[in-house]
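Please look at the model below with its helices displayed, and follow how some of them pack against one another and what space is left between them.

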Amino acid sequence: MTTPTTDQHITLMTKASYGLGALGKDFACSIIYIFLMYYYTDVVGLSAAFVGGLFLVARIIDAFTDPMMGMIVDNTRSRFGKFRPWILIGTLVNSVVLLMVFSAHKFTGNTAYIYAAVTYILWGVTYTIMDIPYWSMIPALSSSREEREHLVVWPRIFASIAWTVMGAYGLHTVGLLGDGNEGDGFLYLCVGIIIAFIASALITFFQVKEKVETKISGEKFDAKDVKKIIVGNDQLKSLIGFVLSFNIAIQLIGGFAIYYFTYAIGREDLFPMFSLVAGIAEFSGIFLFPWIARVVDRRFMWPMACGFPILCSIVLFASSVVAPESAIMVGIAGAALKFGNGLFNGLSTVMLADVVDYGEQKTGLRSESIIFSVQTMLVKGAGALAGFLIGFGLTLIGYVPNEVQSAETIVGLKVLMILIPAILVLLSAIIYKKTYRLDERFKHGRAVAA
């Protein structure tokens, strides 16, 4: 059972301190999701098919380790609460592994393949240690839905800043730091990221404290409880379906973009511009989310978020036909993509907090960390599936690194960048409409199943 305090207001200091925690952690995350495929294929020299398979295998492992980490967090009792100790521990451990991941270029042959596999799997496991307790704190900071909606804006905005800066300036920074050696450039960039990562985690650790206490009648969760919490919550399973579809689509576009603009369009410089405009739009979507949520019926919020990435695909297709090198059309496409993603980020996080409360009523067990471990698993799972599709897709269409691509390969890049993501976003909207029931049936913190 949850024991809310009388004051559910979240102070500005708490919001800012919690939000800053996302800045460092998403710098550490974005370099992986934006550039690791490129780093492995074009810098280290690993085959795209191997990298795609590695991403998928790592996420299969996460399917077991993420809920277990959620159980560990929920069973934690300390004078710092149950979330903050793991945020700090996970940040320190993951920082070391991040540096190891981007040292793969120092190895060659089979050794490089083995080293990349071991360090990348370790990265996924150690990122879980920090990410799950970070997001799990949201229901423990206030039981007010309105306060949660305003709170999630802060970490999402800081996360958006991290992804925007990394996408727009990452490769340029790598070139400057490496002085022509991209491998060393990535490694030096990681050092700067780690400094920001640890600093932001310390701010969250010291400035953010739990307000909604969770009591478990003196008992701790075990593996059976984890299964009951996840399997017994029908709305969680619904959310997994439409969030996963949406996330895979967004990460496919993000992952293929550098290949698409470099080889299909022949304008590598459009990639950082696409990322910069997209990041500004995502920032806007996140910032406006609480106000949009006030005036737009909750039932239409998700379809609205889905409409923007579909618009992105339409604009990219039109651009590829009539004006392939048009910076304006590329900018419009990027803005559409990430404005919708900004709404998605705010909405999906609030939905997970709702699902925590709903699950407590449905199963009699409350677990912020086990439920929010699903978010971490979905983000990494979408990244893995997207990475697998990118690696498999690049191999299937005959992509050759650092070479002029054939006409068939260019057509394949366009299909993978434009068509497949649009289909997945449409699927997300359909799953939401057919299965999710907490949009207008969740009143005053009480969920009512249909």
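In this predicted model, the axes of α3 and α8 come within 10 Å and cross at roughly 175 degrees. Because angles over 145 degrees count as roughly antiparallel, α3 is described as roughly antiparallel to α8. On the α3 side, the residues that take part in the contact are R84, P85, I87, L88, T91, L92, N94, S95, L98 and L99, and on the α8 side they are met by L187, C190, V191, I193, I194, F197, I198, A201, L202, T204, F205 and F206. Sorted by class, the residues of this contact comprise 17 nonpolar, four polar and one charged.

The helices α3 and α8 also help to enclose a space inside the protein. The structure holds two cavities of 30 Å³ or more, and the second largest cavity contains about 50 Å³ of space. Which helices each supply at least two residues of the lining of this second largest cavity? They are α1 (12–44), α3 (84–101), α4 (109–136) and α8 (182–207), with α8 giving the largest share, four residues. The lining of the second largest cavity is made up of G21, K25, I87, T91, M130, Y134, F197, S200, A201 and T204. Among these lining residues, I87, T91, F197, A201 and T204 also belong to the contact between α3 and α8. By class, the lining of the second largest cavity has five nonpolar residues, four polar residues and one charged residue.

Further along the chain, α15 can be followed through its packing with two other helices. Helix α12 (residues 298–322) and helix α15 (residues 407–435) have axes that come within 9 Å and cross at roughly 165 degrees, an angle that makes α12 roughly antiparallel to α15. The crossing of these two helices, α12 and α15, is left-handed. In this contact, α12 contributes R298, R299, W302, P303, C306, P309, I310, S313, L316, F317 and S320, while α15 contributes K414, M417, I418, A422, V425, L426, S428, A429 and Y432. Taken by class, the contact of α12 with α15 has 14 nonpolar, three polar and three charged residues.

The other partner of α15 is helix α10 (residues 234–264), and the axes of α10 and α15 come within 8 Å and cross at roughly 165 degrees. That angle makes α10 roughly antiparallel to α15, and α10 passes α15 in a left-handed crossing. The residues in the contact of α10 with α15 divide into 25 nonpolar, six polar and one charged.

Terms used:
Residues numbered from 1 in each chain as written. Predicted model: local features only at pLDDT ≥ 70, side-chain atom pairs only at ≥ 80, totals over all residues. Heavy atoms only, no water. Axes fitted to C-alpha atoms, helices over the stretch in contact; angles between N-to-C directions. Parallel < 35°, antiparallel > 145°, perpendicular 65-115°, else oblique. Left-handed = near helix turned anticlockwise from the far one by under 90°. Contact = heavy atoms within 4.5 Å. Nonpolar A, V, L, I, M, F, W, Y, C, P; charged D, E, K, R; others polar. 1 Å grid on protein atoms, 1.4 Å probe; cavity = no way out; pocket = protein on both sides within 12 Å on 5 of 7 lines; lining within 4 Å. Points joined across faces, edges and corners; volume = space filled by probe spheres on them.
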